[in-house]
Amino acid sequence: MGKFINQKDITPEMCKGYDQFSCMRNFVKQKDTTLAICNLFNNTKYKDLCLRDYYIIQKDYSVCYQIKEQSTSDDCFSDYLFSLVDQGKSPVSLCPDIIGQSTKDSCYYNSAKITKDTNLCNKIYKINLKNTCYKEAGR
């Protein structure tokens, strides 16, 4: 499959004879792709995975809000969260939007460590991580 110049012409029919999901995902992995390609998927799971792939390529975390399935959405937010942490930035504004408790806890933990705000540790559900948070953020 070569690179297509005009993405509005990309349709599921172009993938006939191939595994449609894999074929269509190849289009979203192109740097110049648009989000509209993900709307071509009727299957929610495939659309969610397409949106996550779009985030990975484009680094536009706003698409994470469009993902319906919790674990895929959390994967998207988690990737963005750790990219912020790697840059030394606090992801605290993102934490309330995360659905999965483990990812949410990680968000608050990392935010507390970066900002040294132990009040954020109060929002962590897991006791062991909460205790570690108080130690790490209080330094």
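**View A. Confidence along the chain.** In this predicted model, helix α1 (residues 20–28) has the lowest mean pLDDT among the elements of the chain, 69, and helix α5 (residues 127–137) has the highest, 95. Here pLDDT is the predictor's confidence in each residue, from 0 to 100, and helices are DSSP runs of H or I with at least four residues, numbered from the N terminus. The chain averages 83, with 78% of the residues scoring at least 70. Residues are numbered from 1 along each chain as its sequence is written. Because the model is predicted, local features need pLDDT of at least 70 and side-chain atom pairs count only at pLDDT 80 or more, while totals for chains, interfaces and linings use all residues.

**View B. Helix α2 beside helix α3.** The axes of α2 (residues 44–58) and α3 (residues 70–86) come within 9 Å and cross at roughly 10°. The axes are lines fitted to C-alpha atoms over the stretch in contact, with angles from 0 to 180 degrees between N-to-C directions. On the α2 side, Asp48, Leu49, Arg52 and Tyr55 make the contact, meaning heavy atoms within 4.5 Å. Their partners on α3 include Asp75, Cys76, Asp79 and Tyr80.

**View C. A closer look at α3.** How far apart are the end C-alpha atoms of α3? They are 24 Å apart, which agrees with the span expected for 17 residues at 1.5 Å a residue, taken as 1.5 Å times one less than the number of residues. Among the buried residues of α3 are Phe77, Leu81 and Leu84, buried being under 20% relative accessible area with a 1.4 Å probe, protein chains only. The buried residues of α3 pack against α2 and α4 (101–115). Just after α3, glycine 88 takes a positive phi of about 75°.

Terms used:
Side-chain values use heavy atoms; hydrogens and water are left out. Helices (H or I, at least four residues) and strands (E, at least two) are DSSP runs, numbered from the N terminus. Buried means under 20% relative accessible area, exposed over 50%, partly exposed in between (1.4 Å probe, protein chains only).
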